[in-house]
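Please open the model in your viewer and keep the selection tool at hand. The tour below goes from one selection to the next.

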Amino acid sequence: MPAFRQAGEKQLPNPILCMAWSPKRDLIALANTTGELLLHRLASFQRVWSLPPSEYTGKDITALAWRPDGKILAFSLRDTKQVVLCGVEKAEILHVFPMQNPVTCMHWMEVVEESSVLSSFYDSEDESKLFLPKLPTLPKSYSTTSKIFSEDKSDEIMNLMGEVRLNVLVLGGDAGFVELYAYGMYKIATLTGVSGTCRSLSLSSDLKSLSVISEVKANNDPEICYIQLDTGLLSDCLPEVTRMARKFTHISTLLQYLSLSLTCMCEAWEDILMQMDLRLTKFVQEKNTTTQVQDEFLELLLWGQSSPELQALLMNQLTVKGLKKLGHSIESSYSSIQKLVISHLQSGSEALLYHLSEVKGMSLWKQKFEPLGLDSEAIEGAITAVGSFSLKANELLQVIDKSMKNFKAFFRWLYVAMLRMCEEHVPPELNKMTQKDIAFVADFLSEHFSENEELFDRKGKYFNVERVGQYLKDEDEDLVSPPNTKGNQWLKFLQESMHLKESPLLFPSYPQKSLHFVKRMMENIIEQCLQKPAEVIGKSVKLAVFLPLYTVPESSENTPRLFELPSLWNDKKAKMHYVLFCMPEISPCKLYLLRKPTDPNRQIPNSIMSINLSHHLDNPEEDNAAAQHNYVYSCLDARFYDDEMLTVVLQGSEEENKRRVLAQLPLGSALSCETEFHWETNLRLDQQSSTIPCRSLVLGNQWREMESMKAQFVAVNANRKVACVLSANLRHIRVFEMDVEDEEAESQNTSADQDGLEMTMSSQGQGEELLEAEGQAAAEGKGDVLQKPEEPLESEEAMGLS
């Protein structure tokens, strides 16, 4: 029977550019040329969900990477220069951050190094939950303003960090652009010294080094180079890096939570609240009398008489029904904003102050954290900015409270006055106005209805009766109606106190600025505070190894680079970097393996070797020389299945033998090579390839012919023991379970003696199994490709998670 059981097959409508298996589940993510992200399940290759391209994120996906726990998928976009973190359970975009350069490759790894300090930190990670209340869930009604977030995601946003153990998302791009993000959220390093365009990345699990495959533009053809960067500072300070990254990731998620809370507040404040201002402005521009509007309303208040213009405004434009509706709308909006400020902004600000204060404490431990770039003065500035934001939120609460009282009294009086104009019955409970009520409305009119030529020149209107909306506008201009601080005893005391006037213990209040302005200022200060460690750590990274491997002919520029070799692998147990590549222009029938220790200071023998893909087979049933055949294969694609096995797609190089083969190659024989290769440092590897030690091809019985498919690329996952093969036209996919034999017999049995592979196969039951294969192929034909309904992502138990 053929090796590897076929689990699914699909003909896809659009070419696939990226594919990546989930590290924990039987799920594979695919990105196609239209910018669509697809998630498929192993079983019959069923589609779980699809995420269509968005004008707010982008349409040109360039790379994919799974978080090590399999709960979040990262993808990069070339057209918008962004990286997006997507929740796997519901296909939700949880976080988007911009990049300076387009990302061409990414790698998400988990640190496996342990220490007693880290263990105690893992145990105490949830201390903040003892002191801070759980942040309330955001409302579900902020889909119109926030273009990306369409549902309630506050819980998902706060869970973006995942497990406590450190994981790092590595991003690479053009012009040597490489950045490291802890937990996929917080940038811990910006690296320099990488030349060319990054094509592949692999950060070692012990954080000692980073392997990079780069394409460097040479005089003629581009050169493929292997670069190893020494990231020893991250490894030496692993407990400190983990603590710092965890705290800064908390801070990043809290900033996003506050932004979404403010978005909810903006949606709770509707344009209907501006109708009073707009109608009064129109009224003063159209009226023929020279009397001020304030005087006309005061005359109505005191004598119950109004000018024809004011009466027309109230009865025709505002109307009794409209006034009642406006009053209910304002009260409802103010109440919603008030609740959001108290429950979301204040609690989020408190949590932000808590984590920043802990980071400041860390920064004062200079022996541990100063080498990482923690600056106590910058963190103190961030704490001050958060305090100013809290003060502005409290100021907004006071404005809301005062506005609600004012509007209630004003609308109650105006409602009664308009009923009298209509000569309608006035309810007795509304007809009673005390002298105190009249004075309150008179003060409201004098404060809000005074015409101001300066405001008219700047805003195009005379009135700003509604005071809350100005705090929610994302503008740099000062507030139109800042709060009145005359007679404030505390402010007077501060101004008269020489010592407290400029005290760093007091948060500045910025009375002339909006809440949005103070929030943006706070975000900028915190962002600058977070950036310094990334610069310091990035400068500590040094170039350890630079090896030019081979040249790429210009004719191959149209090949899909996202699948091209070389392939990188990190052996966690042996602490080694592996590089797997081919040099088709020099030796098309060889597969090369480069090894480098993760510790740049460690030296090993046999750093490079090759596997000869040509194979000699003697047929024992015939004695003549014609029975001896030499079969030659070239490698189309190769990936590390695990530390001891390669998964390769081979193609017969002879004209009469162009078939494609999926096979597993054990690394044992290649790694046991004893011949030493002496690298001439002034030459590229392809210029000295003839002296590279070579081992013969060993396949055993782990292979399968790809019939009716022009196989070209492969993606594997050893944890789930699966492989996905993609055709040369990037549309045809087959999925295999690699640890079981297929129940379907193929015509491969009859050709076993012709391919030169060392394998014996049974030919029993071919007829029945062939019919079964044809039946399955018919059931999975093209007619069913686009008609299968999408299924919701099942639970981990339903998907058979280990």
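In which hand, left or right, does α11 pass α17 in their crossing? The model to inspect is a predicted one. Select α11, residues 376–421, together with α17, residues 515–540. The crossing of α11 past α17 is left-handed.

Now look along the two axes. They lie 9 Å apart, and the helices pack at an angle of about 165°. Angles over 145 degrees count as roughly antiparallel, and α11 and α17 are therefore roughly antiparallel to each other.

Next, show the side chains in the contact. On α11, select Ala378, Ile379, Gly381, Ala382, Ala385, Val386, Ser388, Phe389, Lys392, Ala393 and Leu396. On α17, the residues to pick are Leu515, Val518, Lys519, Met522, Ile525, Ile526 and Cys529. Coloured by class, the residues of this contact come out as 14 nonpolar, 2 polar and 2 charged.

Leave the helices and move to the sheet. Select β14, β15, β16 and β17: these 4 strands form an open sheet in that order, with antiparallel pairing. Strands of a sheet pair through backbone hydrogen bonds, so switch on the backbone here. At the edges are β14 (197–203) and β17 (542–551), each of which pairs on one side only. On average, neighbouring strands of the sheet are turned by 20° against each other, direction ignored.

For the last stop, zoom in on β16, residues 223–230, beside β17. The two strands run antiparallel and are joined by 8 bridges. Which residue of β17 does isoleucine 227 stand opposite? Select phenylalanine 546 to see the partner.

Technical notes
Residues are numbered from 1 along each chain as its sequence is written. This is a predicted model: local features need pLDDT of at least 70, side-chain atom pairs count only at pLDDT 80 or more; totals for chains, interfaces and linings use all residues. Side-chain values use heavy atoms; hydrogens and water are left out. Axes are lines fitted to C-alpha atoms, for helices over the stretch in contact, and angles run from 0 to 180 degrees between N-to-C directions. Angles under 35 degrees count as roughly parallel, over 145 as roughly antiparallel, 65 to 115 as roughly perpendicular and the rest as oblique. A crossing is left-handed if the near helix is turned anticlockwise from the far one by less than a right angle, and right-handed if clockwise. Contact means heavy atoms within 4.5 Å. Ala, Val, Leu, Ile, Met, Phe, Trp, Tyr, Cys and Pro count as nonpolar, Asp, Glu, Lys and Arg as charged, and the others, Gly among them, as polar. Two strands pair if DSSP finds at least two bridges between them.
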